[in-house]
Amino acid sequence: MSEPFKNFERAGWESVVAEYASGFGDLTMQSIEALLDIVGAAPGVRLLDVASGPGYVAAAAAARGALAVGVDFSAAMVAAAAKKYPDVEFRLGDAENLPFDEASFDAVTMNFGLLHLAHPDRALAEACRVLRPGGRFAFTVWAKPEEAAGFGITLGAIQTHGNLSVPLPEGPPFFRFSDWAESARALKAAGFVAPEFKKIPQTWRLASVDALFDVMRTATVRTAGLIGHQTPEALRSIRVMMRNACGLYQKNGIIELPMPAILAAAIKPMN
Ligand SMILES: C[S@@+](CC[C@H](N)C(=O)[O-])C[C@H]1O[C@@H](n2cnc3c(N)ncnc32)[C@H](O)[C@@H]1O
C-alpha cells in the first residue's frame, strides 16, 4: 500500500478535474449543507476543507461568512477551485501531512475525500491536530454499494462479467468508513470524542442509461482503473448490464439513482 497507491491517486486526480466536476459535482454538493451545519460553519468560523477538489465546500462555507480555506494534493484541482471561486483561499497540500499549525481552525470538513487516501488514519489525526480544542470535524463517504446504487450497479456488473481483482496499486478498502462502528473507532483512535453519524439521502440524476458507465470510466480514479483493466469483451457486457440496471431507475427520461452518504462528525476534546 501507501506510496504507489498515493501516486496513482494523485496522478488520477490531476487528470480528471473537468470530468469529475461535471460527473459528480451535482451529487457531492448535496451533502454540503449537512456537513457545514454539523461543524457549525458560521460568520467568523475558521474552517478548513480537506481534499477540497473543485472547491464546493469551501465556497459554501465562505458564503456563510466562515473564513474558509480549501486544501487538496492535486494542483489541477486547486487551480480549478481557485479559478471558479477567486474570493476563497485554496492551498496545495496533503491531507496526511497538512501544511497548517496546530489549533489553526475551529472546524474541519472532508467531503468524499477519506475513501481516496492511502493512510486515512493519518488524515484523521491531522484533522485533529489542526483543530483547536473543542473544534469540530466532519466527513462524508458513500454508503455501502447495497445502498449507493451507482456503486452497486458498477461493481455488480464488473463482478458478473469481468474481474474485480485487477493489478492496481493496493489501497485501503473503499467502503471502510461507510461502517459507523469502524468510523467511530477510527475517530476515537485519532483523538476525537463524541462521534455521531447520519445518513444523508442523495440522488444522482443522470441524463441517459449509459451515463453511469461513462462517468465511472472517465471521472473517477480507482473505479476507472478497475474498468480500464477489463477485457474488451467483458467491457461490452459490463456496459450492457449497467445500462439495463440504470433503465430500472428511469423517471420521465432521467435516471435517478439513490446515492446516500454517511456523514460522520466528532469533536476535539478540550484537553
Ligand atoms: C472525490 S474528490 C472530492 C472533492 C470534493 N471534496 C467534493 O466534495 O466533491 C476527492 C479529492 O480528494 C483529493 N485527494 C485525494 N487524496 C488526497 C490527499 N492525500 N491529500 C489531499 N487531497 C487528496 C483529490 O485530489 C480529489 O480532489
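Begin the tour by selecting aspartate 94 together with the ligand: a polar side-chain atom of this residue lies 2.9 Å from a ligand nitrogen atom. Please bear in mind throughout that the model on display is predicted.

Keep the ligand selected and add alanine 95. Here the partner belongs to the backbone, for a polar backbone atom of alanine 95 is found 2.8 Å from a nitrogen atom of the ligand. Next, add asparagine 111, which also takes part through its backbone: one of its polar backbone atoms is 2.9 Å from a ligand nitrogen. With these contacts in view, consider the surface of the ligand, which exposes 600 Å² when taken alone; the protein buries 98% of that area.

Now display the cavities of the protein. Which of them holds the ligand? The ligand sits in the largest cavity.

Widen the selection to the residues around the ligand, of which there are 18. Those that come nearest are Tyr20, Ala51, Asp72, Ala95 and Asn111. Colouring this shell by residue character separates nine nonpolar residues, seven polar residues and two charged residues.

The tour now turns to aromatic rings. How many aromatic pairs does a search of the whole structure find? The search returns 15 such pairs. Select phenylalanine 137 and phenylalanine 139 to inspect one of them: the rings are tilted, with 45° between their planes and 5.9 Å from centre to centre. Phenylalanine 137 and phenylalanine 139 are both buried.

Finally, select phenylalanine 151 and phenylalanine 174. Their rings form another tilted aromatic pair, with a centre-to-centre distance of 5.4 Å and an angle of 55° between the planes.

Methods:
Residues are numbered from 1 along each chain as its sequence is written. This is a predicted model: local features need pLDDT of at least 70, side-chain atom pairs count only at pLDDT 80 or more; totals for chains, interfaces and linings use all residues. Side-chain values use heavy atoms; hydrogens and water are left out. A residue is near a molecule or strand if one of its heavy atoms lies within 4 Å of it. A polar contact is a pair of N or O atoms within 3.5 Å; within protein, one must be able to donate a hydrogen and the other to accept it, and residues adjacent in sequence count only if both atoms are side-chain atoms. Accessible areas come from the Shrake-Rupley method with a 1.4 Å probe; for residues, only the protein chains shown count as cover. On a 1 Å grid over the protein atoms alone, a cavity is a set of points where a 1.4 Å probe fits but cannot get out, and a pocket is an open set with protein on both sides within 12 Å along at least five of seven lines; lining residues have an atom within 4 Å of a point. A molecule sits in a cavity or pocket if more than half of its atoms lie within 2 Å of its grid points. Ala, Val, Leu, Ile, Met, Phe, Trp, Tyr, Cys and Pro count as nonpolar, Asp, Glu, Lys and Arg as charged, and the others, Gly among them, as polar. Rings of Phe, Tyr and Trp (its six-membered ring) pair if their centres lie within 6.5 Å; planes under 30 degrees apart count as stacked, over 60 as edge-to-face and the rest as tilted. Buried means under 20% relative accessible area, exposed over 50%, partly exposed in between (1.4 Å probe, protein chains only).
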